[in-house]
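Colleague: Please put the model up. I would like to go through the surface, the fold and the confidence in turn.

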Amino acid sequence: MTKRLSIFPLTGAVLFPGLQLPLHMFEPRYRALVGDALIRDRQIAMIQPQRSVEGAPLYNVGCVGRIGEFQAMEDGRYNLVLEGIARFRLVRELDVTTAFRQIEADIYDEDEDETLSHAQRGGFEREARLFAENQGYSVDWDSVERLDDRTLINGVSQIAPFDPASKQALLEAETLTDRCELLVQLMQFYGRHDGGEEIVTLQ
């Protein structure tokens, strides 16, 4: 399905379907974006720019979010929570008169019933435990074990401390299995950083 989307291009902010992303909107153009979304369909599309400069080209894949909880402040700023709905692939950027950018995009039709094999799930959890231990993270593993495969893999993809290019690669992974395999590779790659070297990056 092709759809017209209003976008919030933000480096390092990646949203996955089924997850939430808290945002603070303070620039006038993005306050206008939120106001427009609230009177239409409450939807905002998150997508990363390829460079952190004004009007930079966009990556090809992003995620549509729906505004859930929000707080409108007296000075026009917004605090809101964006709830991931579906990934999309950029078709073209539109020539618009609005302060915020708009695009035409194809919405992904994804297999929401896809699951990991027991071996894939077990291998991922082992690598995640090792990564968390090496990085000094405290994790409630009992809660992790109760998560379904999609919530677990997408959740780690969204919050893991990887560089923007790595996050983008995870978002663009075609299937849940592909994303799981890439996550394992990234945890192994980043796990080699011992704090005394320059920060590793895939860019």
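Colleague: What share of the exposed area of the protein chain do carbon and sulfur atoms supply?
Modeller: This is a predicted model: local features need pLDDT of at least 70, side-chain atom pairs count only at pLDDT 80 or more, and totals for chains, interfaces and linings use all residues. Residues are numbered from 1 along each chain as its sequence is written, and side-chain values use heavy atoms, with hydrogens and water left out. Areas come from the Shrake-Rupley method with a 1.4 Å probe. The protein chain exposes about 11000 Å², and the carbon and sulfur share is 49%.

Colleague: How far apart are the centres of the positive and negative side chains?
Modeller: Lys and Arg count as positive, Asp and Glu as negative; His and the chain ends are not counted. Each charge is placed at NZ of Lys, CZ of Arg, CG of Asp or CD of Glu. With 21 positive and 34 negative side chains, the two centres lie apart by 5 Å.

Colleague: What radius of gyration does the protein chain have?
Modeller: The radius is taken over C-alpha atoms, and the globule rule is 2.2 Å times the number of residues to the power 0.38. For 203 residues, a compact globule would come out near 17 Å. The protein chain agrees with that, at 18 Å.

Colleague: Which pattern do the helices and strands follow along the sequence?
Modeller: Helices (H or I, at least four residues) and strands (E, at least two) are DSSP runs, numbered from the N terminus. There are six of each. The order is β-β-α-β-β-β-β-α-α-α-α-α.

Colleague: Which elements do the buried residues of H4 pack against?
Modeller: Buried means under 20% relative accessible area, exposed over 50%, partly exposed in between (1.4 Å probe, protein chains only). H4 spans residues 149–159, and eight of its 11 residues are buried. Among them are Asp-149, Arg-150 and Leu-152. Their partners are E2, H2, H3, H5 and H6.

Colleague: Is Gly-136 buried or exposed?
Modeller: Gly-136 sits in the loop between H2 and H3. Its relative accessible area is 63%, so Gly-136 is exposed.

Colleague: Over which residues is the pLDDT below 50?
Modeller: pLDDT is the predictor's confidence in each residue, from 0 to 100. The mean for the protein chain is 91, and 94% of its residues reach 70 or more. One stretch falls below 50, yet has 16 contacts (heavy atoms within 4.5 Å) beyond near neighbours in sequence. That stretch is residues 194–203.
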